Amino acid sequence: MPKMKTKSAIKKRVKITANGKVKRGNAYRSHLAQNKSTKQKRHSRKSSELSHSDFKRYKELI
């Protein structure tokens, strides 16, 4: 059986760290920024790690 292909949508949205963890960007950044608090906008600039429970589901897509 051939290898599974990586899903292109996932490949564009996440990065694998050297330790094997998955980094992702935060949601709710694209528009309507004036309605969001400064704290929410500031915290969403940084990338965050994918949780362990989500990683199990993403593993077969990567």
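In this predicted model, Arg-57 makes a natural starting point: with a relative accessibility of 53%, this residue counts as exposed, since the limit for that class is over 50%. The side chain of Arg-57 meets that of Asp-54 in a salt bridge, with 2.8 Å from N to O. Asp-54 is partly exposed, its relative accessible area being 26%. Both residues belong to helix α3, which spans residues 52-58, and because they sit three residues apart there, about one helical turn separates them. This contact is thus a pairing within a single helix.

Asp-54 also offers a view of how helix α3 is placed against an earlier part of the chain. The C-alpha atom of Asp-54 lies 9.9 Å from that of Val-22, although 32 residues separate the two along the chain. Val-22 itself falls in strand β2, which covers residues 22-24.

A search of the whole structure returns two salt bridges. Besides the pair in helix α3, there is one between Glu-49 and Lys-21, whose closest N and O atoms are 3.9 Å apart. That distance can be set against the cut-off, which asks for a side-chain nitrogen of Lys or Arg within 4 Å of a carboxyl oxygen of Asp or Glu. Glu-49 is part of strand β3 (residues 48-49), while Lys-21 sits in the loop between β1 (14-16) and β2 (22-24), so this bridge ties together parts that are 28 residues apart in sequence. Both partners count as partly exposed, Glu-49 at 47% relative accessibility and Lys-21 at 41%. As a general point, side chains of opposite charge can pair when their charged atoms come close.

Turning to the fold as a whole, the chain contains three helices and three strands. Followed along the sequence, these elements come in the order α-β-β-α-β-α. Helix α1 takes in residues 8-13, and helix α2 takes in residues 38-43. The overall dimensions are worth a look alongside this pattern. The radius of gyration of the chain is 15 Å, whereas a compact globule of 62 residues would have a value near 11 Å. Along the principal axes, the C-alpha atoms fill a box of roughly 50 × 25 × 20 Å. Of the 62 residues in the chain, 10% are buried, a class that requires under 20% relative accessible area.

Two C-alpha separations help to place distant parts of the sequence relative to one another. Ser-8, in helix α1, is 53 residues away from Leu-61 along the chain, and yet their C-alpha atoms are separated by 9.0 Å. Ser-8 is partly exposed, with 38% relative accessible area. A contrasting picture comes from Asn-35 and Glu-60, which are 25 residues apart in sequence and 37 Å apart in space, C-alpha to C-alpha. Asn-35 lies in the loop between β2 and α2 and is exposed at 60% relative accessibility.

The loop that holds Asn-35, between β2 and α2, has further features to point out. Tyr-28, placed in this loop, has a positive phi of about 65° although it is not a glycine. With 66% relative accessibility, Tyr-28 counts as exposed. Leu-32 is found in the loop between β2 and α2 as well, and here too phi is positive in a residue other than glycine, with a value near 60°. The relative accessible area of Leu-32 is 45%, which makes this residue partly exposed.

Arg-29, another residue of the loop between β2 and α2, brings the description back to charge. Together with Lys-39, Arg-42 and Arg-45, Arg-29 forms a positive surface patch. Arg-29 is partly exposed at 45% relative accessibility, and that value satisfies the patch criterion of over 30% relative accessible area. Members of a patch take part in no salt bridge, so the four residues of this positive group stand apart from the pairs Arg-57 with Asp-54 and Lys-21 with Glu-49.

How values were computed. Residues numbered from 1 in each chain as written. Predicted model: local features only at pLDDT ≥ 70, side-chain atom pairs only at ≥ 80, totals over all residues. Heavy atoms only, no water. Helix = DSSP H or I, 4+ residues; strand = E, 2+ residues; numbered from the N terminus. Buried < 20%, exposed > 50% of the residue type's maximum accessible area, 1.4 Å probe, protein only. Patch = residues over 30% accessible without salt bridge, like charges linked within 9 Å, V, L, I, M, F, W, Y side chains within 5 Å. Areas by Shrake-Rupley, 256 points an atom, 1.4 Å probe, with all protein chains shown as cover. Lys, Arg positive; Asp, Glu negative; His and termini not counted. Charge placed at Lys NZ, Arg CZ, Asp CG, Glu CD. Rg over C-alpha atoms; globule rule 2.2 N^0.38 Å.
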